Structures are given as C-alpha cells and as structure tokens.
Amino acid sequence: MYSDKLQFKDLPYRDMEKLRQFGRDVVKAVPLLVISIPPFANYLVFVLMYFFPRQLLIPHFWTPRQQLEFRGVYHSVRVQQHQPILSELQSLQVSEGGLQKRLQNLSVKVQNGVTPQVSEILAVRGLFSGPPLGIKRMSTKQMRMVSPLLFLTPRLPSFLMSRRLQRHGSELLQLDRALSRLGVQNLSEAELRQACFLRGLYSSSLSVHQCREWLSRWLHLSASLKDSEVSLLLHSIVFLSANHRH
C-alpha cells in the first residue's frame, strides 16, 4: 500500500476485509504476547488459551464449532442494545415535526418485528447527518448504546467513543462500497455469512439465498449514503437486523 500509494478505500474487498481483521487480531494478540515474555510463562499461556479461547485466541484458531458458538455469544451482547436504541429514538425530540414522526413510526415498526423498507430508513437520513444523531453530534448516552453494535467498548470518554465510532463506521462504509464493486454473488458462503455478521445479522439459521438477499438490501441502503451519514448506517444494524435476532 505504501509503495503503490494506496489508501484503504482503494483496496479490493477481500484485501480490505483482511486488513480490517488483521488490525483487530493484532490488538487481541498483543496481551498474550506480553504475558508470554517472562521465562516459562509460555506454559501458562497454553493453559490460558485452552480454557479461554474466545477471549485470547484470534478467530483464525477457532474450530468451526467454536466459531458458531462464539459468534452467538458476541451477537447476544449486540442484541441487548436493540431495544434501548429503538426506545431512545422513539422518544427523541427534534425540531422538525415531520422527521420526528417518521423516526417514531420507523422505530415502532422495527419494535413490532417488521423489517422496514430501505426507502423508510432513507426518509429519516436528515437526522443522522447533523444534530441530534450525526456521528459527531450524538449524546454520550447514545454513543454508549451504539458502540456495542460494532463490538466496541462503551467504557471510554465521549470524545474517544466518538472518534472510534466515526473510524469504524467509515471503515464499514468503505467495505460496503468495495463489496458492491465485487458483487454479492461472488462471495463464498463463509465470506457471505461473515459479511452479514459484521453488519448485524446472525445468519446461522438462514439459507445462503436469504443471506444474499439481506446483504443486497443492506448494500442498497449503504450505496445511497454519504460519508457524513455514517451514523444512519450504524443505526441500520438495528433497523435491518432486529427482526432476525436469533
């Protein structure tokens, strides 16, 4: 990337996804490497890895059974934020009465187990580019609810949470654009399910066709968004997947 003067957004989808995952794997592996530095500590590391594979091992070393199990654990943490986020959106007070009514209707629809149309989500986009729900304008309470959707810790100062949400949201938007160029139909089943999981869908009980259909709907939404509307993309993790919680 350095020699060819390439940026993250210029990479093909698979290279972009590998780089994204590599960064997270390095962060996860560093504590284990530090623990193994003292003499004979490597024996302790092996014991820890055996008893705590989800916390200490990167996904590359998980068995297929562990991958399914651990994804379920991570997804259950994410699902716990759905209802609080929808309730917060439903009670949100905004100056534009028409947009507030659309947001309330959208929140109620999702709470009732109905997956909204892409057009219904885009109809409230004006609330997610500036105050009160823009990526740089969300309250601390809202950021703490949205962060777990991306498996980010909410236990940080608000300025750090805002920066991390913006970075990870922009990264997801770039991934979507690269995936649109590649085409959903060119993904393997494993790549397809991983892409759905990253965007909020736990697809273990869904067919490949259903996963491909859901991901195509997501990309249709994402393709309509500007960089300044990345907050709407993050909230769409709830809007589009709340009806597929299990």
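In the predicted model, the side chain of E88 forms a polar contact with the side chain of K141, at a distance of 3.2 Å. E88 belongs to helix α5, which covers residues 82-91, and, with a relative accessibility of 18%, it falls under the 20% limit and therefore counts as buried. When residues up to four places away in sequence are left aside, the residues touched by E88 are K141, Q142 and M145. K141 thus appears both among the residues that E88 touches and as its partner in the polar contact between side chains.

The protein as a whole contains twelve helices and zero strands, and its pattern along the sequence reads α-α-α-α-α-α-α-α-α-α-α-α. The radius of gyration is 19 Å, which agrees with the value near 18 Å that a compact globule of 246 residues would have. The C-alpha trace spans about 65 × 40 × 40 Å along the principal axes of the protein. Of the 246 residues, 42% count as buried, and the accessible surface comes to about 13,200 Å², with carbon and sulfur atoms accounting for 58% of that area. Among contacts between residues at least 6 apart in sequence, 63% join residues that are at least 24 apart. With regard to charge, the protein carries 31 positive and 16 negative charges, and the mean positions of these two sets lie 5 Å apart.

Helix α10, formed by residues 189-198, contributes L192, R193, A195, C196, F197 and L198 as buried residues. These buried residues of α10 pack against four helices, namely α1 (13-35), α4 (64-79), α9 (158-182) and α11 (208-223). An α-helix has 3.6 residues a turn, so residues three or four places apart point the same way. After α10 comes G200, a residue whose phi is positive, near 110 degrees.

Helix α9, one of the helices against which the buried residues of α10 pack, also holds S170. Because its relative accessibility is 30%, S170 counts as partly exposed, whereas E88, at 18%, counts as buried. S170 and V230 are separated by 60 residues in sequence, yet their C-alpha atoms are 6.5 Å apart in space.

Methods
Residues numbered from 1 in each chain as written. Predicted model: local features only at pLDDT ≥ 70, side-chain atom pairs only at ≥ 80, totals over all residues. Heavy atoms only, no water. Helix = DSSP H or I, 4+ residues; strand = E, 2+ residues; numbered from the N terminus. Rg over C-alpha atoms; globule rule 2.2 N^0.38 Å. Buried < 20%, exposed > 50% of the residue type's maximum accessible area, 1.4 Å probe, protein only. Contact = heavy atoms within 4.5 Å. Areas by Shrake-Rupley, 256 points an atom, 1.4 Å probe, with all protein chains shown as cover. Lys, Arg positive; Asp, Glu negative; His and termini not counted. Charge placed at Lys NZ, Arg CZ, Asp CG, Glu CD. Polar contact = N/O pair within 3.5 Å; in protein donor to acceptor, adjacent residues only side chain to side chain.
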